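Please open the model in your viewer and keep the selection tool at hand. We will go from stop to stop, and at each one I will suggest what to pick and what to look for.

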Amino acid sequence: MNYRHIYHAGNFADVMKHALLAWLIAYLGRKETPFRLIDTHAGIGLYDLDADEAQRTGEADGGVGLIETPFSPAIEEALAPYRAALAAVRARYGARAYPGSPAIARELLRRQDRGVFVELHPADADVLAVRFNSVANLKVLHLDGWTALSSLIPPKEKRGLVLIDPPFEKAGELDRLVERMLAAARKWPTGVYVGWYPIKYPKEIDRAAAGFADLARPALRLELTIDRPGPEPRLVGCGLFVINPPYTLAETAGRLLPALAERLGREGRGGSRIEAIGAAGEGRS
Ligand code: SAM
């Protein structure tokens, strides 16, 4: 387990993932009934952008560092939950703190909701436990996220959100992501599933996305690219597969992602994609 998220905290991929994650949590919070959030690859939950590792890559400068200036009101509306989580974390831990998915969940879940954060790296799981286990409605588990995904669903709540955000260190991770998302949706059909992936070879993503074609539930493929792919493999973007997206997610992403592409893209080479990939269209109410 070599992947350390501190090197990438607050980069363009985090901005995309966290802005949509925060929007989804806020969306689920519009109904009074409780919901469950399951984060299968949680990391340490909170990052210091002044830490040596973060400074060494400077990736946050090309991510969260570029969105401090407000966008138009329509974009800010879509970004509002993410901005609220960022502000709360900065107020709690200082101006250079950056929230990982667990800290975003901590700020946006309500008292009646529950969050479960799973992390396999022993030291990271310890840090996560110290940070979040004392919060009444949060629980940290030191486990393999893929095993946890199937053992934690269905939860007792009918509604919920599962974030699957693996490090993509191993070959076959993209296929595994699609397979496990589909299996989870069979086991707990009412959950909303969000699976993150990096974009190096767009064709590989097309092939993986085809795996959702027979899914009898709505599903989306949402992407942000900051550069065009070249002959050498390099990270040019990232995406989220979403099963059971709320029906307004496609419209929201259609507003937000082009604006992020314009702001975060390298010399005008940013792009975005919003596509229905399941057999049942793009969203549900
Ligand atoms: N979700 C986090 C966020 O948005 O702030 C970032 C997660 S980072 C991309 C991936 C994490 O998965 C790393 O902290 C890594 O230690 C952890 N990890 C790697 N393999 C794992 C596994 N099999 N089960 C659970 N966690 C794993």
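Start by selecting Thr147, which lies in helix H6, residues 145-151. Keep in mind that you are looking at a predicted model. Is Thr147 buried, partly exposed or exposed? Its relative accessibility is 48%, so Thr147 counts as partly exposed, given that the buried class ends at 20% and the exposed class begins over 50%. Now add Glu173 to the selection and draw a C-alpha to C-alpha distance: Thr147 and Glu173 are 15 Å apart in space, with their positions 26 residues apart in sequence.

**Past the end of H6**

Move along the chain to Ile153 and Pro154. The peptide bond that joins Ile153 and Pro154 is cis, with omega at about -5°. Pro154 has its place in the loop between H6 and S6.

**The ligand**

Next, select the ligand and show the residues around it. There are 21 of them, and His18, Glu119, Asp144, Gly145 and Asp165 come nearest. Colour this shell by residue class and you will find six nonpolar, nine polar and six charged residues.

Which atoms of the ligand should you label? Try these three contacts:

- An oxygen atom of the ligand is 2.8 Å from an N or O atom in the side chain of His18.
- A nitrogen atom of the ligand lies 2.8 Å from a backbone N or O atom of His41.
- A nitrogen atom of the ligand is 2.7 Å from an N or O atom in the side chain of Asp165.

With those on screen, switch on a surface. On its own the ligand has 610 Å² of accessible area, and the protein covers 95% of that.

**Asp165 and Lys17**

Stay with Asp165, which lies in the loop between S6 and H7. Its relative accessible area is 14%, so Asp165 is buried. Besides its contact with the ligand, the side chain of Asp165 has a polar contact of 2.7 Å with the side chain of Lys17. Follow Lys17 to its charged end and you reach a ring: that end sits over Trp196, 5.5 Å from the ring centre.

**Trp196 and Phe168**

Trp196 is a good place to pause. With a relative accessibility of 10%, Trp196 counts as buried. Now bring in the aromatic side chains: the structure has six aromatic pairs. How are the rings of Phe168 and Trp196 arranged? Their centres are 6.0 Å apart and their planes meet at 70°, so this pair is edge-to-face. The pair links distant parts of the chain, 28 residues apart: Phe168 is in the loop between strand S6 (159-164) and helix H7 (173-187), while Trp196 is in strand S7, residues 192-199.

Before you leave Phe168, check its backbone torsions. Phe168 is not a glycine, yet its phi is positive, at about 55°.

**More rings**

Select Trp188 and Tyr193 next. The ring centres of Trp188 and Tyr193 are 6.3 Å apart and the planes are at 80°, so here too the label is edge-to-face. Both Trp188 and Tyr193 are buried. Then pick Tyr197, Phe212 and Phe241 together, which form one aromatic cluster. For another charge by a ring, go to Arg263: this residue lies over the face of Phe71, at 3.8 Å from the ring centre.

**Two loops and a helix**

Arg234 is found in the loop between strand S8 (219-225) and strand S9 (237-243). At 33% relative accessibility, Arg234 counts as partly exposed. Measure from Arg234 to Ile199, C-alpha to C-alpha, and you get 8.2 Å, although the two are 35 residues apart in sequence.

Beyond S9, in the loop that runs to helix H9 (249-264), select Asn244. Asn244 has a relative accessibility of 0% and so counts as buried. Its phi is also positive, near 60°, in a residue other than glycine.

Finish with helix H4, residues 101-108. How many of the eight residues of H4 are buried? The count is seven, so the helix is mostly covered. To colour the buried ones, choose Ser101, Pro102, Ala103, Ile104, Ala105, Glu107 and Leu108.

Terms used
Residues are numbered from 1 along each chain as its sequence is written. Side-chain values use heavy atoms; hydrogens and water are left out. A residue is near a molecule or strand if one of its heavy atoms lies within 4 Å of it. A polar contact is a pair of N or O atoms within 3.5 Å; within protein, one must be able to donate a hydrogen and the other to accept it, and residues adjacent in sequence count only if both atoms are side-chain atoms. Accessible areas come from the Shrake-Rupley method with a 1.4 Å probe; for residues, only the protein chains shown count as cover. Ala, Val, Leu, Ile, Met, Phe, Trp, Tyr, Cys and Pro count as nonpolar, Asp, Glu, Lys and Arg as charged, and the others, Gly among them, as polar. Rings of Phe, Tyr and Trp (its six-membered ring) pair if their centres lie within 6.5 Å; planes under 30 degrees apart count as stacked, over 60 as edge-to-face and the rest as tilted. Helices (H or I, at least four residues) and strands (E, at least two) are DSSP runs, numbered from the N terminus. Buried means under 20% relative accessible area, exposed over 50%, partly exposed in between (1.4 Å probe, protein chains only). A charge sits over a ring if NZ of Lys or CZ of Arg is within 6 Å of the ring centre and within 35 degrees of the ring normal.
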